[in-house]
Amino acid sequence: MSESFNPGGGSNIKESLASWGDLAGLLRGGDQGAIVPVVIPRDTRGLRWTILVWFGLFAITSALMMSLHVAFGGAVAGLAYGTLAVPTLLVGVLSVLAAGLWWWRGSIVEIEEGTTGILTKYGAFAKSIGPGRHYLWHPWARVDFVVDTRTEIPYTAPVLACPTRENVPLKSIEFFLKFRIEEPYRFVTSIGASNFDLVLSSAVQDAIRQRSRMVNTESAYDLRGSNVEDMRSLLNTQLHKYGVTITGCNIPDVQLPSQYQQHLATRERVAKELVAYEQEWELTRKRRIDTLLMDIERSKKTRDAKIVEVNASLNKARKDVAQMLEEQETEAQRVRYEIETRGRADLVAAENEAKAQHRLATAYRDNRAVLEYELARRRLDVGAALAERAPRPVVVQTEGGSGDGSALSTLLTAQLLPQVLDNGGGASRSLGASAAHEAFEGVQGSVAAAAARQQQMAEEYQSQQDTAMRQQFERGDGYRGGQGGRRGR
């Protein structure tokens, strides 16, 4: 049995020499607080069973020799040898059988579940055998090592006096890891359990010191529970050649120097006081907030009550305004009805006036044609009268032989003709003038009579329209009549 020493007071790894009966207890529980991943079983078989073999062969040979003496010797000697031959033969056979049973029982090897055995012949590696029962028939075949290959073995390595970035040595950093032996033959042949303890402790201390150099002293507590995946990768790289794999690791505890612990204690006390002050301030703030919330709720209730009063006043005002608007709307409707009725009446009057004017214009147009005809006829009469009064040429015929064609006779005739015409045509002139005057007065009378008749017709139509409108307004059909007339248009 070999032992290892860890100066940091952490876990120890070693290999132990034990019998097959104690093998399971050492692999699972360790030996005196040390981790035992490798056990060297004691080989108790040896060659002692061959003594029984040689003794049995000797006894069988002796029994055969005695049988020969019985066959070829005397009667007395044959009887004695015959009596001894049978027990000697039985003893020889039983010795051989006991030797065979001893050899069979000593060749049985049982490997625990989760472990691997390293089998050698003549001291050379033969193969790795798995869990279960195996038979080592060869006398010089033996299991030199039984290695735990399934259990994740815990390992604790506290590292002392780790300097930080400010070169302040920490009191200790505890590092915890779990490893598993993947290749047992490489592990037992290249390093062994005790040497692996030294290598693993050195590798862990180197990794921890590198990590502590990366942090400040005040933040050293941040190493607890921090991510150490890079350290695990580094350790796996270093230990892979030994057939070992690191399955997990962490930093459970960090201890600072005494002065820094006092400093941190002061900081913690100040932090606790700060937390207490913050809690007290939080309580005060909550109390003030609750008071303000109560005031706000009270104000809200007062505001809601005032809002209810304002809404009631507003509803009453709206009702009054609605009633006033309804009254004004009714008054406006009545006024509108009156205005529309008056407007409809004025419109009907205007339409009637327009119709009367149109009819009057038509009558004027018809009377004008009649007057123009009468005027044209009178003009013809006046023209005829004037034509009668127009000067007429007088032809004075003289005989050629009478001698009246002289200039003197012509002059005398020209002087006497006006007088003759004045006397004879005065009556006709006066008659034509009186006829023309009478014709003109007749035309004026006809025009005046036509105008008087047209005026009388317009007055009669206007009186009829006024009478109809008055009757319609008295019946109260003016507005509906106006709407009907509007819709009709």
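1. Is Leu 101 buried or exposed in this model? Leu 101 is exposed, because its relative accessible area is 53%, where exposed stands for over 50%, buried for under 20% and partly exposed for what lies in between, with a 1.4 Å probe and protein chains only. The place of this leucine is in helix H3, helices being DSSP runs of H or I with at least four residues and strands being runs of E with at least two, both numbered from the N terminus.

2. On the basis of the model: this is a predicted structure, in which local features need pLDDT of at least 70 and side-chain atom pairs count only at pLDDT 80 or more, while totals for chains, interfaces and linings use all residues. Residues are numbered from 1 along each chain as its sequence is written, and side-chain values use heavy atoms, with hydrogens and water left out.

3. On confidence: the chain has a mean pLDDT of 75, with 74% of its residues at 70 or more, pLDDT being the predictor's confidence in each residue on a scale from 0 to 100. Among the elements of the chain, helix H6 (residues 229-239) has the highest mean, 89, and helix H9 (residues 478-488) the lowest, 41. Over residues 1-5 the pLDDT stays under 50, and the model has 16 contacts beyond four places in sequence for them, a contact being heavy atoms within 4.5 Å. Residues 478-489 also stay under 50, with 14 such contacts beyond four places in sequence. Where pLDDT is low, the predicted coordinates should not be read in detail.

4. On the overall make-up: the chain contains nine helices and 10 strands, and of its 489 residues 27% are buried. Its exposed area is about 32000 Å², of which carbon and sulfur atoms supply 58%, as computed by the Shrake-Rupley method with a 1.4 Å probe, where for residues only the protein chains shown count as cover. Of the contacts between residues at least 6 apart in sequence, 68% join residues at least 24 apart.

5. On the nonpolar surface: Leu 101, Trp 103, Trp 104, Tyr 135 and Trp 137 make a nonpolar patch of about 520 Å². Patches are made of residues with over 30% relative accessible area and no salt bridge, like charges being joined within 9 Å and nonpolar side chains (Val, Leu, Ile, Met, Phe, Trp, Tyr) within 5 Å. Helix H3 (residues 75-106) gives the most to this patch, with three residues.

6. On cysteines: the structure holds zero disulfides, a disulfide being a pair of cysteine sulfur atoms within 2.5 Å. Cys 162 counts as buried because its relative accessibility is 0%, and Cys 249 is buried as well, with a relative accessible area of 17%.

7. On salt bridges: the count comes to 13, each being a side-chain nitrogen of Lys or Arg within 4 Å of a carboxyl oxygen of Asp or Glu. Side chains of opposite charge can pair when their charged atoms come close. Arg 180 and Glu 152 meet in one such bridge, at 3.4 Å from N to O. Arg 180 lies in strand S9 (residues 169-181) and Glu 152 in the loop between strand S7 (141-148) and strand S8 (153-163), so the pair ties together parts that are 28 residues apart in sequence. Arg 180 is partly exposed, at 23% relative accessible area, and Glu 152 is partly exposed, at 33%.

8. On two further pairs: Glu 183 and Arg 186 are joined at 2.9 Å, N to O, in a salt bridge, with Glu 183 partly exposed at 33% relative accessibility and Arg 186 partly exposed at 32%. The side chains of Glu 282 and Arg 285 form a salt bridge at 2.3 Å, N to O, and both residues lie in helix H7 (residues 258-389), three residues apart, about one turn of the helix. Elsewhere, salt bridges that share partners join Glu 152, Lys 178, Arg 180 and Glu 182 into one network.

9. On pairs distant in sequence: Gln 255, whose place is in strand S10 (residues 244-255), has its C-alpha atom 9.4 Å from that of Leu 160, 95 residues away along the chain. Gln 255 is partly exposed, with a relative accessible area of 31%. Met 457, in helix H8 (residues 407-475), is 94 residues from Ala 363 in sequence and 9.8 Å from Ala 363 in space, C-alpha to C-alpha. Met 457 counts as partly exposed, because its relative accessibility is 40%.
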